[in-house]
Amino acid sequence: MAAVLRGSVCLVGRCRKHVDFACVFTRSMASKTQVGFVGLGNMGNPMAKNLLKHGYPVIATDVFPESCKEVQELGAQIVDNPAEVADKADRIITMLPSSPNVIDVYTGPNGILKKVKKGSLLIDSSTIDPAVSKEMAGAAENLGAVFMDAPVSGGTL
């Protein structure tokens with residue numbers, strides 16, 4: 001919605017016989033921002049597929065390559081590790097099973113923070129220890145990126 005509002009021009013006025021009218025012209029959303037996705041398990045896979053369904057280009061990776069097959073068939077670009085995702089996208093969603101996985105994906109030898117660009121938005125949807133989220137937020141901030149803790153709970157239907 002914010003993208004639509006930023007690119008909108010609104011004309012409000014009166015026409016013949018004092019009929020009020022409003023026209024809103026918005027810029028095309030044809031070129032949507034590329035989204036990186038790390039973690040294509042039971043929760044991440046449907047999330048990434050939904051992004052693809054709505055026309056977002058997705059660059060993804062998972063520790064289990066077979067988890068990438070389904071989204072690759074739908075058009076996602078698959079890369080070898082989280083650092084490559086960060087190199088190609090400045091909007092990244094992670095959906096991981098535990099705190100140690102989050103620490104490794106962000107700060108490990110091939111972690112997101114090795115290649116993150118200044119101004120990147122990192123959204124972690126993993127349900128993890130809040131202390132780990134705070135630690136990752138600090139590490140991202142030191143590199144000029146924004147880390148957003150956006151956990152989900154429950155499971156797949």
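## Overall fold

The chain has six helices and eight strands. This is a predicted model. From one end of the sequence to the other, the elements run in the pattern α-β-β-β-α-β-α-β-α-β-α-β-α-β.

The chain holds 157 residues, and 35% of them count as buried. Taking contacts in the chain between residues at least 6 apart in sequence, 56% join residues that are at least 24 apart.

## Nonpolar cores

In soluble globular proteins, nonpolar side chains tend to be buried together. Here the largest nonpolar core has 21 residues. Within this core, the residues with the most contacts are Val-38, Ile-92, Val-102, Tyr-106, Ile-112 and Leu-122. Helix H4 (82–88), H5 and helix H6 (130–142) are the elements that give two or more residues to the core. There is also a second, separate core of 13 residues, which includes Val-35, Leu-40, Leu-52 and Met-95.

Val-38, from the largest core, has contacts with residues elsewhere in the sequence. Not counting residues up to four places away, Val-38 touches Thr-61, Pro-82, Val-85, Ile-92, Ile-93, Thr-94, Met-95, Leu-96, Val-105 and Ile-112.

## The aromatic pair

The count of aromatic pairs comes to one. The pair is formed by Tyr-106 and Phe-147, whose ring centres are 5.4 Å apart and whose planes stand at 70°, so the pair is edge-to-face; the cut-off for that class is an angle over 60 degrees.

Tyr-106 lies in helix H5 and Phe-147 in strand S8 (residues 146–149), so the pair links distant parts of the chain, with the two positions 41 residues apart in sequence numbering. Both Tyr-106 and Phe-147 are buried. Tyr-106 is also among the residues with the most contacts inside the largest nonpolar core.

## The largest pocket

The largest pocket contains about 490 Å³ of space. Its lining is made up of 25 residues, and those nearest the centre of the pocket are Asp-62, Val-63, Leu-96, Asn-101 and Val-105.

Helix H5 (residues 99–107) provides the largest share of the lining, three residues. By residue type, the lining divides into eleven nonpolar, eleven polar and three charged residues.

## Thr-61 and Glu-84

Thr-61 belongs to strand S4 (residues 58–61). Thr-61 has a relative accessible area of 3% and is therefore buried, the cut-off being under 20%. Apart from neighbours within four places in sequence, Thr-61 is in contact with Phe-37, Val-38, Gly-39, Leu-40, Cys-68, Val-79, Asp-80, Asn-81, Pro-82 and Val-85.

Glu-84 is in helix H4. With a relative accessibility of 27%, Glu-84 counts as partly exposed. Glu-84 and Thr-61 are 23 residues apart in sequence, and their C-alpha atoms are 8.8 Å apart in space.

## Ser-125

Ser-125 sits in the loop between strand S7 (121–124) and H6. Its relative accessibility is 6%, so Ser-125 counts as buried. Leaving out neighbours within four places in sequence, Ser-125 is in contact with Met-47, Ile-93, Thr-94, Met-95, Ala-150, Pro-151 and Val-152. One of these contacts, Met-95, is included in the second nonpolar core.

Notes. Residues are numbered from 1 along each chain as its sequence is written. This is a predicted model: local features need pLDDT of at least 70, side-chain atom pairs count only at pLDDT 80 or more; totals for chains, interfaces and linings use all residues. Side-chain values use heavy atoms; hydrogens and water are left out. Helices (H or I, at least four residues) and strands (E, at least two) are DSSP runs, numbered from the N terminus. Buried means under 20% relative accessible area, exposed over 50%, partly exposed in between (1.4 Å probe, protein chains only). Contact means heavy atoms within 4.5 Å. On a 1 Å grid over the protein atoms alone, a cavity is a set of points where a 1.4 Å probe fits but cannot get out, and a pocket is an open set with protein on both sides within 12 Å along at least five of seven lines; lining residues have an atom within 4 Å of a point. Grid points are joined across faces, edges and corners, and a volume is the space filled by probe spheres set on the points. Ala, Val, Leu, Ile, Met, Phe, Trp, Tyr, Cys and Pro count as nonpolar, Asp, Glu, Lys and Arg as charged, and the others, Gly among them, as polar. Rings of Phe, Tyr and Trp (its six-membered ring) pair if their centres lie within 6.5 Å; planes under 30 degrees apart count as stacked, over 60 as edge-to-face and the rest as tilted. A nonpolar core is a set of buried Ala, Val, Leu, Ile, Met, Phe, Trp, Tyr and Cys residues joined through side-chain atoms within 4.5 Å.
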